[in-house]
Amino acid sequence: MAENGMNLRQAGISLDLSGKVALVTGSSSGLGMSIARYFAKAGAKVAVHYHSEKDQAEQLVREIISNGGVASAFGGDVSSLSDVESIFRQIDQKLGPVDVLVNNAGIDGKRALCGEDNPEDWQKVIAINLVGPYYCSREAVKRMKSRRSGVIINITSVHEFIPWAGYSAYGSAKAGLSMFTKTLAQELAEFGVRVVAIAPGAIKTPINRDVWSNPESLKDLLDKIAMPRLGEPEDIGKAAVFLASDLASYITGVTISVDGGMLIYPAFKHGG
Ligand code: NAD
C-alpha cells in the first residue's frame, strides 16, 4: 500500500495544497470546520472565517498551528459587502491573496409556509446563502483571474434539487447558487479558475441538531438516505479537499452530491 501511495505521489497525483491560501466561510463550526481541517492537513494556509463564534474560530486556528499548519481567524457577515471586502483585504495582508474560496456559511432559516412567513426572514436566508457567496466570489475573482489560477467551491444542498416545504427561501438560494456556480465556471474557465459545488445531504452538524437529536425525526430522516447512516462533516471535508486539488483539475461547473444516496429515491427500493 505504502509503495502504491509513493508511486502516486511520484506521478504527481496528490491532494497537496501547499502554499495555497484557502478561505472557508463559516468555518467556526460544522462542515466549514471539517473543510478547514482537511485543507490544513493538505498544506494550505487557512483563513478561518466566523460570524459570531470567535472563540471556536480561534480554537481551530490554535489546533491547526499546533499540528504544524498555518491559519488565522477573520470575522464578518457575508451578507455585508463592506465586511466581505474587509475580510479579503485582511487576508491579503496576513496570508496572501485567496487561491481557494469555499462559500460554506449559511442558515436554513425559520420553517414557514409561503404567505404565513415573514418577508424579512425570507430575504435574510437569500442574503446569507446566495448574496454572500456572490460578494465573496466577486472578491476572489478579482484576485484569481489576474493570476490565472484558483478554485471556488460553493456548498449548496440536496435542496438545490429536492423541494422542501416550509423552506422555500433555502431551496431557492441553493438552486440559485447552483446556477451561479455554472455561470461563473463558464466565465472563468479560460482564466484557469474552476468553480464547483458540493450538495451535502443530511450531515450531522448544529444546523440540524433538532432533527438528529429526536429519535422519531432521526428515523424519518434515515428513511430518506440509501446508505444506513447520517453524513459526518468529514464526508464533506474529504470531497472539498479533492475538488480543491489538482486531482480535480478538469472538473468545473458541476455539483457533486455527497449525500449517501438521498437523490436516488431510496423509498422506491420497496416498490414503486
Ligand atoms: P453550521 O450552523 O454548523 O454552520 C453554518 C456556519 O455559517 C456557521 O459557522 C455560522 O457562523 C455561519 N454563518 C451564519 N450566518 C452567517 C453570516 N451572516 N455571515 C457569515 N457567516 C455566517 O451548519 P453546517 O451544517 O455546517 O452548514 C454549512 C453549510 O452547509 C450551509 O451553507 C448549509 O446550508 C450547508 N448544508 C448543510 C447540510 C447539513 O446537513 N448539515 C446539508 C446541506 C447543506
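**Figure 1. The salt bridge between Lys142 and Glu139 in the predicted model.** In this predicted model, the side chains of Lys142 and Glu139 meet in a salt bridge, with an N to O distance of 2.8 Å. Both residues belong to helix α5, where a spacing of three residues places them about one turn of the helix apart. Glu139 counts as buried because its relative accessibility is 4%, below the 20% limit. Lys142, in contrast, counts as partly exposed, with a relative accessibility of 45%. The pair does not stand alone: salt bridges with shared partners join Asp92, Arg138, Glu139, Lys142 and Arg143 into one network.

**Figure 2. The salt bridge between Asp99 and Arg147.** The closest N and O atoms of Asp99 and Arg147 are 3.0 Å apart, and the two residues form a salt bridge. This pair links distant parts of the chain, its members being 48 residues apart. Asp99 is located in the loop between α4 (81-94) and β4 (100-103), whereas Arg147 lies in helix α5 (residues 119-147). Asp99 is buried, its relative accessible area being 11%. Arg147 counts as partly exposed, at 36% relative accessibility. Side chains of opposite charge can pair when their charged atoms come close.

**Figure 3. The salt bridge between Asp223 and Lys219.** Asp223 and Lys219 form a salt bridge in which the closest N and O atoms are separated by 3.0 Å. Asp223 counts as partly exposed because its relative accessibility of 45% falls between the limits of 20% and 50%. The structure as a whole holds 11 salt bridges.

**Figure 4. The surroundings of Tyr50 in strand β2.** Tyr50 is part of strand β2, which covers residues 45-50. The residue is buried, with a relative accessible area of 13%. When residues up to four places away in sequence are not counted, Tyr50 touches Ser28, Ala57, Ala73, Phe74, Gly75 and Gly76. One of these partners, Phe74, lies 24 residues from Tyr50 along the chain, and the C-alpha atoms of the two are separated by 6.4 Å.

**Figure 5. The surroundings of Asp235 in helix α9.** Asp235 is found in helix α9, which comprises residues 233-244. With a relative accessible area of 19%, Asp235 is buried, because the limit for this class is 20%. Apart from neighbours within four places in sequence, Asp235 is in contact with Arg229 and Val258. Ile264 is 29 residues from Asp235 along the chain, and 18 Å separates their C-alpha atoms.

**Figure 6. The whole chain as context for the close-up views.** Nine helices and seven strands make up the secondary structure of the chain. The radius of gyration is 19 Å, close to the 19 Å given by the globule rule for 272 residues, so the chain is as compact as a globular protein of that length. The C-alpha trace spans about 50 × 50 × 40 Å along its principal axes. Of the 272 residues, 45% count as buried. Among contacts between residues at least 6 apart in sequence, 74% join residues at least 24 apart. The chain exposes about 13,900 Å², of which carbon and sulfur atoms supply 54%. There are 28 positive and 29 negative side chains, and the centres of these two sets lie 5 Å apart.

Key. Residues numbered from 1 in each chain as written. Predicted model: local features only at pLDDT ≥ 70, side-chain atom pairs only at ≥ 80, totals over all residues. Heavy atoms only, no water. Helix = DSSP H or I, 4+ residues; strand = E, 2+ residues; numbered from the N terminus. Rg over C-alpha atoms; globule rule 2.2 N^0.38 Å. Buried < 20%, exposed > 50% of the residue type's maximum accessible area, 1.4 Å probe, protein only. Contact = heavy atoms within 4.5 Å. Areas by Shrake-Rupley, 256 points an atom, 1.4 Å probe, with all protein chains shown as cover. Lys, Arg positive; Asp, Glu negative; His and termini not counted. Charge placed at Lys NZ, Arg CZ, Asp CG, Glu CD. Salt bridge = Lys/Arg side-chain N within 4 Å of Asp/Glu carboxyl O.
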